[in-house]
Amino acid sequence: MIRSAALLLLVPALACACGMTSPPTVSHTSSSPGSASASATPQLVGTQRTVLTPLGLNIHAQASVTAAVVATAAQGSTLAVLDYRPDNGGWFKVQGESTTGWIVADPSLTAGGQFTPYSSDARMFSVLVPNTWTFAEESVDVVFRPQQGQQTIVVRTAATRSALGPETPTGYITTYSNVQVVCGYTGQLNEYARGGAVPQTTPSPNGSSATRLADYADIRLKLDATHAMEIGFNYESKNQFVDFQNFYDSITFPFPQCEAPAAAPSP
């Protein structure tokens with residue numbers, strides 16, 4: 001179910017650190033075929049950014065990590081973008097409920113638009129999803145999908161990674177693979193493309209309502225000796241890959257490496 005408790009906009013610190021004292025170094029402009037360009041542009045001024053990182057995000061008085069921290073925005077906080085500066089890695093000037101300042105323009109820490117929190121004790125994870133998306137809790141998985149379009153994000157759990165079944169889907173070839181840290185846990189981000197001249201949609205295995213499309217990506221994580229998770233993404237075009245990135249950048253689990261105390265919020 002979705003827990004609708006109001007999200008704090010400005011808080012001193014967050015308890016969940018996802019096992020890291022600083023945010024993971026994630027490049028969204030890598031050579032991955034599925035990676036969409038996430039570099040900020042001045043055209044984003046006047047839009048909104050939602051804080052993805054469970055660590056929380058520092059708001060600085062100036063566009064520098066050494067500038068004074070005037071507040072901290074909690075995960076799920078929505079900030080209005082007032083200005084953008086490309087120097088020092090890129091910075092957004094933002095307005096919160098009562099504070100104006102600068103945040104780093106790192107696409108692993110914030111995302112454009114408004115998001116809704118999903119949380120389930122039974123499914124053992126919480127995550128932020130765009131507020132235009134829906135979800136379905138099925139017997140074998142949880143499926144997230146936009147109101148328009150066929151792409152789906154599918155979360156499955158099992159006792160071990162091998163119990164999740166073959167990693168490479170039947171009829172697909174691996175096009176990209178890289179190590180990915182998700183809330184303190186290290187997995188392998190794999191991207192696949194359907195083989196053959198004419199990609200066609202097919203039902204997903206295991207009784208899921210999700211549909212396998214021309215492209216697929218997944219990350220498998222070992223959470224402990226008896227718990228593993230697969231986060232999968234069925235998509236139609238490369239520019240949709242940012243939805244998957246936003247999902248795994250905001251997901252949390254009730255396991256030690258994800259719940260370790262934070263030394264500090266993100267820069």
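**Cavity lining and salt bridges**

The second largest cavity is lined by Phe-115, Leu-128, Val-129, Pro-130, Trp-133, Ile-153, Asp-243, Asn-246 and Phe-247. Two elements each give two or more residues to this lining: strand S9, spanning 125–130, and helix H1, spanning 241–250. The model is predicted. A search of the whole structure returned two cavities of 30 Å³ or more. The second largest holds about 40 Å³ of space. Its lining comprises seven nonpolar residues, one polar residue and one charged residue.

Salt bridges were examined next. Side chains of opposite charge can pair when their charged atoms come close. The structure contains four salt bridges.

One of them joins the side chains of Arg-85 and Asp-87, with an N to O distance of 2.8 Å. Arg-85 has a relative accessibility of 33% and counts as partly exposed. Asp-87 is also partly exposed, at 27% relative accessible area. Both values fall between the 20% limit for buried residues and the 50% limit for exposed ones.

A salt bridge also forms between the side chains of Asp-215 and Lys-238, at 3.3 Å from N to O. Asp-215 belongs to strand S17 (residues 215–224). Lys-238 sits in the loop between strand S18 (227–235) and H1. The pair therefore ties together parts that are 23 residues apart in sequence. The two partners differ in burial class. Asp-215 has a relative accessible area of 10% and is buried, because the cut-off for this class is under 20%. Lys-238, at 31%, is partly exposed.

Strands S17 and S18 are also linked by the side chains of Glu-230 and Arg-220, which meet in a salt bridge with an N to O distance of 2.8 Å. Glu-230 lies in strand S18 and Arg-220 in strand S17. The two residues are ten residues apart, and the pair links distant parts of the chain. Both Glu-230 and Arg-220 are buried. This pair is part of a wider arrangement. Arg-156, Arg-220 and Glu-230 are joined into one network by salt bridges that share partners.

Helix H1 appears in both parts of this analysis. The helix gives two or more residues to the lining of the second largest cavity, and the loop that holds Lys-238 runs between strand S18 and H1. Strand S17 contributes Asp-215 to one salt bridge and Arg-220 to another.

Methods
Residues are numbered from 1 along each chain as its sequence is written. This is a predicted model: local features need pLDDT of at least 70, side-chain atom pairs count only at pLDDT 80 or more; totals for chains, interfaces and linings use all residues. Side-chain values use heavy atoms; hydrogens and water are left out. On a 1 Å grid over the protein atoms alone, a cavity is a set of points where a 1.4 Å probe fits but cannot get out, and a pocket is an open set with protein on both sides within 12 Å along at least five of seven lines; lining residues have an atom within 4 Å of a point. Grid points are joined across faces, edges and corners, and a volume is the space filled by probe spheres set on the points. Helices (H or I, at least four residues) and strands (E, at least two) are DSSP runs, numbered from the N terminus. Ala, Val, Leu, Ile, Met, Phe, Trp, Tyr, Cys and Pro count as nonpolar, Asp, Glu, Lys and Arg as charged, and the others, Gly among them, as polar. Buried means under 20% relative accessible area, exposed over 50%, partly exposed in between (1.4 Å probe, protein chains only).
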